[in-house]
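Work through the exercises below with the model open beside you. Each task is followed by a stepwise solution.

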2 protein chains.
Amino acid sequence: MAAPRLLVSRRIRATPYTQRVEALGVSGYSVVNHTILPKGFQKTVEEDYWHLKKHVQLWDVGCQRQVELRGADAARLAQLMTARDLRNARVGQCLYAPMIDADAKMLNDPIILKLAGDHYWFSIADADMLLWAQGLALGMGLDLAIDEPDVWPLAVQGPKSDDLVARVFGEQVRDIGFFRFKVFDFEGQELVVARTGFSRQGGFEMYPEGFSLGTKLWDALWQAGADLEVSPGCPNLIERVEGGLLSYGNEMTRADNPLECGLEQYCQLDGSVEYIGLEALRKIAASGAERLIRGVVFEGDACPACQHPWPLTAGKRQVGYVTTAIWSPRIEANVALAMLDRGYWQAGTVVTVEVADGSQSRAVICELPMEAS
Amino acid sequence: MAAPRLLVSRRIRATPYTQRVEALGVSGYSVVNHTILPKGFQKTVEEDYWHLKKHVQLWDVGCQRQVELRGADAARLAQLMTARDLRNARVGQCLYAPMIDADAKMLNDPIILKLAGDHYWFSIADADMLLWAQGLALGMGLDLAIDEPDVWPLAVQGPKSDDLVARVFGEQVRDIGFFRFKVFDFEGQELVVARTGFSRQGGFEMYPEGFSLGTKLWDALWQAGADLEVSPGCPNLIERVEGGLLSYGNEMTRADNPLECGLEQYCQLDGSVEYIGLEALRKIAASGAERLIRGVVFEGDACPACQHPWPLTAGKRQVGYVTTAIWSPRIEANVALAMLDRGYWQAGTVVTVEVADGSQSRAVICELPMEAS
């Protein structure tokens, strides 16, 4: 049976780029933050993978909504909501920041943009963190404004990203540091341009305010990129798995804590910073995580899509599960992201994967990102 | 171009009914609360409309997630989160309950099930109200547990619903009052059966706990209904518009207050009950809502789907917008739900609708629900 269509109503928002990606033959969508996210075009995932590693792509990531904190208590609330130490964060910095609940379970993994000492954007994965922030602020009687601004992120990814973006914004874009942003003028409006993105091929994420500015930005980049083989794109599953880029809702959920997700480097654990979930997280850290996200490589034909976790077994015992899997034409094997129990997460450990199509394969655990990805 | 497919990953949850509806030829999906919602089957929307008004249908509404409040402060938080007066709510009652923010803007419109004095389910529309509730409770230091239980609502809708459900649960289901629920035994587990649903054709919503119990419930109802012409179904757009049933995210959004949404009867405005947004809502009530959701009937050929609001104009002035529209084979005209400015919401007012296909039609405002729907 053909996969069911996505039926769109006002409740599932189009983006400033939707008309453009539809004209370019978008073939599939997902829904993130009540907004459509393109998931494929006319190219196969493999063709798209090679293109992303060689050229440059525009990605409609308008679904990456911003939770804006602004006002006297903005810095206080920002710190309360993440395990990452924000004390030394500077204006112009982008910070990957696990958000956890009082039990230290993962709520989200946004990038925080520090726009000013009293002004932050949390660029969020799929969950209404606006409601979490507003509930906390109202309950605590904090003094700040919390909103979702009319901002529609657009990503430029791939090794030719600097060349393309420099054509539109000038050579100074090359000076933007990794996980740093600068504010440019575009069409008479301020535009945040950050060196971030959901691939390991380099590039930028841009934050146009207003629907029409977004469409103008797409058009400017598209026209400037014709001889760079610019293409519409989207997060590429092969590249994402090889690169060890985790997706909230897939690799990590509310059932997991950030240490299980391998995010310890983004967690301040010495007790010198107060945030929601600190006590629970320190307790977990003291005894050590019981499981860990790892890479997996397994043999066999190209596997189907992983729509629900596939068991990983050792003997007759389940020791983990795969959350995302796909054939890698470069490694010439299936590659996957998986959660492994303690004792089975060492690189080189051999387990068995039970694929949804009923097949079983020998699977080898590896570090993330995978070799030379 | 064919509508893009919905690509499903672990992040977009399947329900206990997904395998059943796929076997029955589901043709389209939406996504609600990170869960797939069937939107169509092999029947056309018109065939489905007539079937729903005559027979009985099973609807996979597993996306209607529950926010469970349980503990000492459960009643207090439940009341804080809704403008509806819960003081006289009884155990066994279902209460349609607008949830608003501090500015009296609509956050959600759940049905609250009062399971015990210290135990509530909020059966929510599309937004992570779990995070709102948990943020408030944590910020205020309230004493209760707030979770999303493993409950997967299944709706039985249509005039033969009592006959079908009685075959599975016994004749006592006929005694369940409108917007009341009773707890039955099913396969050795407790099961909440409520006389509610997102149609005006009668029926029930059931709340099985656990994935496998849900699938067993579907199968029991399906097998019992063969000679009742039971069919898979979903909220029917024609019936919903004629019946004036509002959809959060479509007719009402965070830009609207409950008085604009015609929900004044569900709002306690005399100040005797404290809830979030009370002050703002009383201020709005004192001056009167500036706009109101109404029905609209308009001529012309069958209109396309309304994916973003269509302007309603009087002369050259915009006086409202359509949020949902579809051809009604019974009324033999297009029917729509719309937000109208004050001065234009009286039944019988004539305006112009600017349909997305570029056509303009004469449109007449009407009360909701529409005549004899």
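**Exercise 1. Across the chains**

Which residue in β2(B) is the bridge partner of Leu6(A)?

Solution. Keep in mind that this is a predicted model.
- Start with the strands: β1 of chain A, residues 5-6, is joined to β2(B) by 2 bridges.
- Check the direction: these two strands run parallel.
- Pick out the pair: Leu6(A) is bridged to Tyr29(B).

**Exercise 2. The side of chain B that touches chain A**

Find how many residues make contact, and which element gives the most.

Solution.
- Count both sides: 43 residues of chain B contact 43 residues of chain A.
- List the elements that supply at least two residues each on the chain B side: β1 (5-6), β2 (28-32) and α4 (129-140).
- Rank them: α4(B) gives the most, with 9 residues.
- Sort the chain B side by residue class: 21 are nonpolar, 14 polar and 8 charged.

**Exercise 3. Relating the copies**

Determine the operation that lays chain B on chain A.

Solution.
- Recall the general form: a rotation about an axis and a shift along it relate two copies of a chain.
- Read the rotation: the turn is 180°.
- Read the shift: 0.0 Å along the axis.
- Check the fit: the RMSD is 0.0 Å.
- Conclude: the two copies are therefore related as by a two-fold rotation axis.
- Compare the surfaces: both copies use the same one, as 100% of the contact residues of chain B recur in chain A.

**Exercise 4. The fold of chain A**

Test the radius of gyration of chain A against the compact-globule rule.

Solution.
- Take the length: chain A has 373 residues.
- Apply the rule: a compact globule with 373 residues would have a radius of gyration near 21 Å.
- Compare: chain A has 21 Å, so the value agrees.
- Add the box: along the principal axes, the C-alpha atoms of chain A fill roughly 65 × 50 × 40 Å.
- Add burial: 53% of the residues of chain A count as buried.
- Add contact range: of contacts in chain A between residues at least 6 apart in sequence, 66% join residues at least 24 apart.
- Add the elements: chain A has 8 helices and 22 strands.

**Exercise 5. The core**

Which residues have the most contacts inside the largest nonpolar core?

Solution.
- Take the core: the largest one has 245 residues.
- Name the residues with the most contacts inside it: Leu77, Met129 and Ala133 of chain A, and Leu77, Met129 and Ala133 of chain B.
- Zoom in on Met129(B), leaving out residues up to four places away in sequence: it touches Leu131(A).
- Stay with Met129(B): its chain B contacts include Val67(B), Met99(B), Leu107(B) and Phe122(B).

How values were computed:
Residues are numbered from 1 along each chain as its sequence is written. Chains are lettered from A and ligands numbered from 1 in the order in which they are written. This is a predicted model: local features need pLDDT of at least 70, side-chain atom pairs count only at pLDDT 80 or more; totals for chains, interfaces and linings use all residues. Two residues are in contact if their C-beta atoms, placed from the backbone, lie within 7 Å. Helices (H or I, at least four residues) and strands (E, at least two) are DSSP runs, numbered from the N terminus. Ala, Val, Leu, Ile, Met, Phe, Trp, Tyr, Cys and Pro count as nonpolar, Asp, Glu, Lys and Arg as charged, and the others, Gly among them, as polar. Two strands pair if DSSP finds at least two bridges between them. The radius of gyration is taken over C-alpha atoms; the globule rule is 2.2 Å times the number of residues to the power 0.38. A residue is buried if 20 or more other C-beta atoms lie within 10 Å of its own, exposed if 12 or fewer, and partly exposed in between; C-beta atoms are placed from the backbone. A nonpolar core is a set of buried Ala, Val, Leu, Ile, Met, Phe, Trp, Tyr and Cys residues joined through C-beta atoms within 7 Å. Copies are superposed by least squares on the C-alpha atoms of residues with pLDDT of at least 70 in both.
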